[in-house]
Amino acid sequence: MAKNNDELFKNVISHAKEYGFVFQSSEIYDGLSAVYDYGQLGAELKNNIKTYWWKAMVQMNENIVGIDSAIFMHPKIWKASGHVDGFNDPMIDNKDSKKRYRADQLLEDKISRYEKDGKTDKAEKLQQDMDEALKAEDLPRLKALIEEHEIVCPVSGTRNWTDVRQFNLMFSTQMGAMADGSDEVYLRPETAQGIFVNFLNVQKSGRMKIPFGIAQIGKAFRNEVIARQFIMRMREFEQMEMQFFVRPGTEMEWYKHWKETRLKWHLALGTNPDKYRFHDHTKLAHYANAAVDIEFEFPFGFKEVEGIHSRTDFDLSQHQEFSGKKMQFFDPEINQNYVPYVIETSIGLDRFFLLTLINSFEEQDLSTADKQDSRSVLHLHPALAPYKAAVLPLTKKDGLPEKAREIMNRLKLDFNMAYDEKDSIGKRYRRQDAIGTPFCITVDHQSLEDNTVTIRHRDSMEQERVAIDELENMIAKLVSWKNILN
């Protein structure tokens, strides 16, 4: 990892805490590993990301609707889905550090290092060997590859490894008044099954016709042993998923459609396209006939942010078999009953949140010949920014705070606004830059005379004089979802 990338990642993590985006969960009790809390600005940014996704998936598509299914579900659902028997990761322990790692991720890190060192032949060969071992579920071969490539434990620095074993990732708990006679239930490891078991309810109550989709945003839980890379891999996380039900035989054209559509959603925020790539799965899940990841280049390499999967009719067929209820659709166009095929789009909300922070964070050197100066700035898209604008009275006297409060009260019904009158105006500008506020509205003595204010733009730092009566329309135009949803 390049030093500047390592430093960037560390700076983003510290910035996230300092400005109220992300905190370590239970921090005053020394924290809970791989669990995080979203602070006051993090909650706002997260909600704005959810809104962007929901508008793009549900509001902009007449044949997609949204639901909110329960976290607790009947235990047989996870038997039907294959999670009880097959939701495993290949894990390996280092005997010296007592730390546990996913074997495939140790190998992927080695592949990344080979690529950075220009050893492309070695990287390609290791990728091929690992893919073959994973496909065959050959655990001894995975251990052999770790030993052959002299992979050391990041903590102990030794190669004293155990055998590779499978580890089930589901959290279980008891449901009932007493632990003794209570039923074992699971915290859901994904949100998709809540959509599948509600397929008939939604289809009938909404009079939906194939093709149609069901979207959902919700928490999922996985007993991840590897806690690293901040909010990249957590035990409690949030997913934004959409299952799109199609006629069998049409799934590949819809797979192609959603693959292209979802990448456009990412790029609409102005991200550099070179930071994104598609990664086709070489080892397909047992239920899939095609799968691709949308990967983003984080400071620690390209990692998955969203998956698009052609799941065939596996899920609905399994639930039909295990529940005894017909999970079929009568298609009047072809006068036929069938179990629909499914195209899934699944994006990790927390990963996209991290992507957004990393992509927008910049430390700018503003030094001139006369003085040293710098600023930390989040170049968030205005539609995603926690605060849309900040109202700043130039001083705390002469009626300026009262005028500023008038403007604040006028705007806060339509926009999430910040108000700040502490410290010099320059320091206040810097604070708003650091949290990604697109515009600062400065109220000065001239404002009392002619009802105008100064608007300062975050990215360019340019200032312009604007009539107070124009503020609502001006801000509305600049932060509108129309700028990215078209």
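**Figure 1. Helix α2 passes helix α12 in a right-handed crossing.** Welcome to the first close-up of this predicted model. The partners here are α2, residues 40-59, and α12, residues 349-360. Their axes come within 10 Å and cross at roughly 110 degrees. Angles from 65 to 115 degrees count as roughly perpendicular, and α2 and α12 are therefore roughly perpendicular to each other. If you would like to find the contact yourself, look on α2 for Gly42, Leu45, Lys46, Ile49 and Lys50. Across from them, α12 contributes Leu349, Asp350, Phe352, Phe353, Thr356 and Leu357. Sorted by class, this contact holds six nonpolar, two polar and three charged residues.

**Figure 2. Helix α2 also meets helix α10 in a right-handed crossing.** This view keeps α2 and turns to another partner, α10, which covers residues 251-267. The axes of α2 and α10 come within 12 Å and cross at roughly 145 degrees. From α2, the residues to look for are Tyr52, Trp53, Ala56 and Met57. From α10, they are Trp258, Arg262 and Trp265. The class count for this contact is six nonpolar residues, no polar ones and one charged.

**Figure 3. A salt bridge joins lysine 50 and glutamate 238.** Lysine 50 will be familiar from Figure 1, where this α2 residue belongs to the contact with α12. In this view its side chain meets that of glutamate 238, with a distance of 3.0 Å from N to O. Lysine 50 sits in helix α2, while glutamate 238 sits in strand β10, residues 236-246. The two residues are 188 residues apart, and the pair links distant parts of the chain. For the wider picture, the count for the model comes to 32 salt bridges.

**Figure 4. Seven strands form an open sheet that includes β10.** Following glutamate 238 into its strand, β10, brings us to this sheet. The strand order is β3-β9-β10-β16-β13-β12-β11, and the pairing is mixed. At the edges are β3 (64-66) and β11 (276-280), each of which pairs on one side only. Neighbouring strands are turned by 25 degrees against each other on average, direction ignored. Within the sheet, β9 (residues 212-221) and β10 pair in the antiparallel sense over 10 bridges. A handy place to start tracing this pair is glycine 218, which stands opposite glutamine 239 in β10.

**Figure 5. A cis peptide bond leads from isoleucine 210 to proline 211.** The omega angle of this bond is near 0 degrees. To find the spot, go to the loop between α9 (199-205) and β9, where proline 211 lies. Strand β9 is the one that pairs with β10 in Figure 4.

**Figure 6. Helices α5 and α6 pack with their axes 8 Å apart.** Helix α5 spans residues 103-116, helix α6 spans residues 120-135, and the angle between them is about 165 degrees. Angles over 145 degrees count as roughly antiparallel, and α5 and α6 are therefore roughly antiparallel to each other. Their crossing is left-handed. On the α5 side, the contact is made by Asp104, Leu107, Glu108, Lys110, Ile111, Tyr114 and Glu115. On the α6 side, you will find Thr120, Lys122, Ala123, Leu126, Gln127, Met130 and Leu134. By class, the residues of this contact divide into seven nonpolar, two polar and five charged.

**Figure 7. Five strands make an open sheet with mixed pairing.** Reading across, the order is β20-β19-β21-β22-β23. The edge strands are β20 (417-419) and β23 (463-467), each pairing on one side only. On average, neighbouring strands are turned by 30 degrees against each other, direction ignored. Two of the strands, β21 (residues 439-443) and β22 (residues 452-457), pair in the antiparallel sense over four bridges. Take a look at cysteine 440, whose bridge partner in β22 is arginine 456.

**Figure 8. Helix α13 lies across strands β19, β20, β21 and β22.** This helix covers residues 400-411 and runs at about 165 degrees to β20, while β19 covers residues 389-393. The loop between β19 and α13 holds aspartate 398. This residue has a positive phi of about 60 degrees although it is not a glycine.

Definitions and conventions:
Residues numbered from 1 in each chain as written. Predicted model: local features only at pLDDT ≥ 70, side-chain atom pairs only at ≥ 80, totals over all residues. Heavy atoms only, no water. Axes fitted to C-alpha atoms, helices over the stretch in contact; angles between N-to-C directions. Parallel < 35°, antiparallel > 145°, perpendicular 65-115°, else oblique. Left-handed = near helix turned anticlockwise from the far one by under 90°. Contact = heavy atoms within 4.5 Å. Nonpolar A, V, L, I, M, F, W, Y, C, P; charged D, E, K, R; others polar. Pairing = 2+ DSSP bridges. Salt bridge = Lys/Arg side-chain N within 4 Å of Asp/Glu carboxyl O.
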